[in-house]
Amino acid sequence: MRKPKFQCPTGMHDILPEEQKYYKKIYDIVSDIADFYGFGKIDTPILEETELFSKGVGLATDIVKKQMYSLKTKGGDFLSLRPEWTAPVVRAYIENGMQNLPQPLKLWYFGPCYRYERPQANRYRQFWQFGFEVLGEKSPVIDAQIIQIFYNILRELKLKNLIVEVNSIGDSNCRPYYKKLLANYFRTREASLCVDCKKRLRENVLRILDCKGEKCQPIKAEAPQILDHLCEECHLHFKEVLEFLDEIEIPYNLNPYLVRGLDYYTKTVFEIFSGSSEKKESSRIALAGGGRYDKLVKLLGGKETSACGAAIGIERIINLMKSQQIKQGDKETETQIFLAQLGGLSKRKSLKLLEDFRKAKIRVAESFGRDSLKAQLSRADKIGARYALILGQKESLEEMIIIRNMKSGKQEIVKLNRVVAEMRKKLKK
Ligand code: AMP
């Protein structure tokens, strides 16, 4: 087949009607959980000042260095499509005076993000995220609760083989010293590092721990570990997070190499993967990521505020739901009634009848563009309707309508003004 002249931009995709049920299912579960835990929904513009991300996410991160869609407006503003939500949510928190409301403030979001990455399976240039942020709370109980919320959402979506990994990356007290130790260690082994890690050694040494390249694995394995170099406060905080996780029975692994790609994290970081723990790291799929970010609000111009949050990639969940063949509650949205009409008067009456069904919240399919009964009944068959309602010229004049059981072929005739109630009864059976 020849390629059409216009296509979706590379790495982006349409969300067609048959895909929407996945987004809806996820949205419904997430918004229920958000309500339960007292999170308010927030939407922010898709575009933000570029500086918000270079400052908030960090100049040395892949996201800011390579992955932003940036533009200059006619008025001379530099804007970028949001590559993630935390910096915009913090901007909105500060700008809208939410720091003055009772704390902690809990917010959640659901919408698209943009990253100019090399498209591949599970990696897109436009992808949807939902996330939860708690601002104004420093207690480790929140870190554990965020992990719990994300774990529960994935469980509620019936995803299997979930692996939670946690680590602490310290704070401005202990991390600089650890980074120095790490840089010294890797510098003496620089010749054996991969090309990317040689660069990371100068720009962002922690990211070497994140490297998936074969070459760097044996060197990483011997590197000093941050958990041995946390300051007292970070150590205690992390210990308590783990105790809470034990208490709420969330299974987790400690992963000393987990550092996350964004600069704003302090103390706890975590990710949730899908895969089995025996399998190679590269075959796992990262579903959710987050952590604590106690310095970000101040960095973006607000008061000193502790915070913690996380995000999930929605397409990745949907791909997993499909591969694990998780059904999407089609039953509730299935249309069980088809309304067929014959002739001008019937068509007019059918329009009115369709409205009555809509008000009664009963789904009814139709095909008003078709005139032959045969074509309409074959459509009813195709969509799997249990009943066809047939409104012919004669029935219309007599204010009656035929109910046909599509399976048995049995027909009965009822008064037009009784048909909604009658169908409600039948559907309940
Ligand atoms: P991050 O903001 O990088 O921590 O990502 C959080 C989650 O978003 C990841 O665990 C993925 O599920 C998802 N994600 C990140 N980048 C992409 C991408 N390019 N395409 C699809 N999903 C992504």
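Two strands are taken to pair if DSSP finds at least two bridges between them. Helices (H or I, at least four residues) and strands (E, at least two) are DSSP runs, numbered from the N terminus. The structure is a predicted model, in which local features need pLDDT of at least 70 and side-chain atom pairs count only at pLDDT 80 or more, whereas totals for chains, interfaces and linings use all residues. Residues are numbered from 1 along each chain as its sequence is written, and side-chain values use heavy atoms, with hydrogens and water left out.

The protein chain is assigned domain 1 (17–174 + 230–323) and domain 2 (337–428), with bounds that come from an automatic or database domain assignment. The centres of domain 1 and domain 2, taken over C-alpha atoms, are separated by 49 Å.

One open sheet has five strands in the order 13-12-14-15-16, with mixed pairing. Strand 13 (364–366) and strand 16 (411–415) are its edge strands, each pairing on one side only. From one strand to the next the twist averages 30°; angles run from 0 to 180 degrees between N-to-C directions, and axes are lines fitted to C-alpha atoms, for helices over the stretch in contact. Strand 12 (residues 337–341) and strand 14 (residues 387–391) run parallel and are joined by five bridges, with isoleucine 337 opposite tyrosine 387 in strand 14. Helix 14 (residues 373–382) packs on this sheet and touches strand 12, strand 14 and strand 15 (400–405), where contact means heavy atoms within 4.5 Å. The direction of helix 14 makes about 175° with that of strand 12. Strand 15 and strand 16 run antiparallel and are likewise joined by five bridges; here isoleucine 403 stands opposite glutamate 412 in strand 16. The hairpin of strand 15 and strand 16 has five residues between the strands, and glycine 409 takes a positive phi near 80° in this hairpin.

A further open sheet comprises eight strands in the order 1-5-6-11-10-9-7-8, and its pairing is mixed. Strand 1 (40–41) and strand 8 (253–254) lie at the edges with a single partner strand each, so one side of each is left without a neighbour in the sheet. Strand 10 (residues 285–292) runs antiparallel to strand 11 (residues 307–313), and five bridges join them; arginine 292 has cysteine 308 in strand 11 as its bridge partner. Helix 11 (residues 314–323) packs on the sheet, where it touches strand 5 (105–114), strand 6 (126–135), strand 9 (266–274), strand 10 and strand 11. The direction of helix 11 makes about 115° with that of strand 6.

Helix 5 (residues 140–156) packs against helix 9 (residues 232–247) at an angle of about 45°, with the axes 8 Å apart. Helix 5 and helix 9 are therefore oblique to each other, given that angles under 35 degrees count as roughly parallel, over 145 as roughly antiparallel, 65 to 115 as roughly perpendicular and the rest as oblique. Their crossing is right-handed, meaning that the near helix is turned clockwise from the far one by less than a right angle. Pro140, Val141, Asp143, Ala144 and Ile147 in helix 5 meet His237, Glu240, Val241, Phe244 and Leu245 in helix 9. Seven residues of this contact are nonpolar, one is polar and two are charged; Ala, Val, Leu, Ile, Met, Phe, Trp, Tyr, Cys and Pro count as nonpolar, Asp, Glu, Lys and Arg as charged, and the others, Gly among them, as polar.
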